Amino acid sequence: ESIGVIGIPFSKGQSRAGTEFGPEVLRNGGIVRKLQSLGCHVKDHGDVEVIQVENDDPEEKAKNPRTVGQTSKSIADKVEQVLRSDDICIALGGDHSMAIGTIAGNARVEPDLVVLWIDAHADINTPMTSDSGNIHGMPLAFLVHELESYVPKLSGFEWLTPCIHAKDIAYIGLRDVDAGERKIIEKFGITAFSMQEVDKYGINEVVERALRAVDPEGKRPIHLSFDVDAMDPTLTPSTGTPVIGGLSLRETYYIAEEVARTGRLSMIDIAEVNPLLGDEKDKTLTVDMTISVIQRFFGNRRGG
Ligand SMILES: N[C@@]1(C(=O)O)CN(C[C@@H]2CCCCN2)C[C@@H]1CCC[B-](O)(O)O
Ligand SMILES: [Mn+2]
Ligand SMILES: [Mn+2]
Ligand SMILES: [Mn+2]
């Protein structure tokens, strides 16, 4: 299959500078060459156009709404364009607000997609339930039909209509979920495997249950949104909201290998790499771990 890589040099979904350099450090880490050496047909489609809106006043406790909303539209258009020519798209971020655009864009091409959200966080706050007002903590709330009446139509988001249902989402890796997010997960019965379930059942059982929950017939395209903070901070320290007690390298490899085995991977987001956080060793480790995980989605199996 053909892979289209895009860069999303974006940081305005949160307040720590640096995620705008995520695409650069991942490219410099050799991601395109390493996928090509696996025999993949890879095309780098460059970066999406990031839109910076001046005097972007916060609305309803959502910061930089016009900047995030208009950039999200640019992302959706680029993703749609790539997925109309390539089989799989890899989006190198950028903060996790990128997923508003990547999922909206993917859903235009694959309306029947399911979402695997690999993250320490649920990223489903509405502007009202958010404590931070950072839109990287809200992307799923903008995308889910069931939350449409709970999320105000913010300036910059006029173009967006919800495109997934709560039952189409499965979380793996949760360990820092806000009260409002917990209520949403329970109210709409969203499939969620926190690190407690990973410890209770083991990663193999968790992955199997997650896939079965969202796609029991095993035929729907998969949008995998990977926040590097899902992994333990000893592995990916250069990220904005690290939380101890994360996924091990082997657990993360296993998720990637099992998703690869479905043959139904449509798109991967690589979110929240922030090379300005930590020292040079932290940055290099974060980039190397992230790239080694990405390779596992594309046939680089430990068993050869
Ligand atoms: N839920 C959050 C939000 O800001 O909405 C609050 N949380 C930080 C907060 C620190 C104090 C203890 C409770 N947690 C970050 C998270 C968003 C993460 C976005 B991601 O893309 O990195 O997952
Ligand atoms: Mn996170
Ligand atoms: Mn609807
Ligand atoms: Mn996230």
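1. A good place to start is the ligand: a polar side-chain atom of Ser132 lies 2.7 Å from an oxygen atom of ligand 1. That pair falls inside the cut-off for a polar contact, a pair of N or O atoms within 3.5 Å. Please keep in mind that this is a predicted model, in which local features need pLDDT of at least 70, side-chain atom pairs count only at pLDDT 80 or more, and totals for chains, interfaces and linings use all residues. Residues are numbered from 1 along each chain as its sequence is written, chains are lettered from A and ligands numbered from 1 in the order in which they are written, and side-chain values use heavy atoms, with hydrogens and water left out.

2. Two further side chains deserve a look beside Ser132. An N or O atom in the side chain of Thr241 is 3.0 Å from an oxygen atom of ligand 1, and for Glu272 the corresponding distance to a ligand oxygen is 3.1 Å. On its own, ligand 1 has 530 Å² of accessible area, and the protein covers 73% of it (Shrake-Rupley method, 1.4 Å probe).

3. Which residues are closest to ligand 1? They are Asp123, Asn125, Ser132, Asp178 and Asp227, out of 15 that surround the ligand (a heavy atom within 4 Å). By type, the shell holds no nonpolar, 7 polar and 8 charged residues (Asp, Glu, Lys and Arg count as charged; Ala, Val, Leu, Ile, Met, Phe, Trp, Tyr, Cys and Pro as nonpolar; the others, Gly among them, as polar).

4. Glu272 has a backbone feature too: its phi is near 75°, a positive value in a residue other than glycine. Most residues other than glycine have a negative phi. Glu272 belongs to the loop between strand 8 (265–271) and helix 10 (280–296) (DSSP runs numbered from the N terminus, at least four residues of H or I for helices and at least two of E for strands). Glu272 counts as buried because its relative accessible area is 2% (buried means under 20%, with a 1.4 Å probe and protein chains only).

5. Asp123 also has a positive phi, about 50°, although it is not a glycine. Its place is the loop between strand 4 and helix 5, and at 5% relative accessibility Asp123 is buried. Thr126 lies in the loop between strand 4 (114–118) and helix 5 (139–143) and is buried at 4%.

6. One last spot to check is the cis peptide bond joining Gly93 and Gly94, where omega is about 5°. Gly94 is in the loop between strand 3 (88–93) and helix 4 (98–109).

Technical notes:
Polar contact = N/O pair within 3.5 Å; in protein donor to acceptor, adjacent residues only side chain to side chain. Buried < 20%, exposed > 50% of the residue type's maximum accessible area, 1.4 Å probe, protein only.
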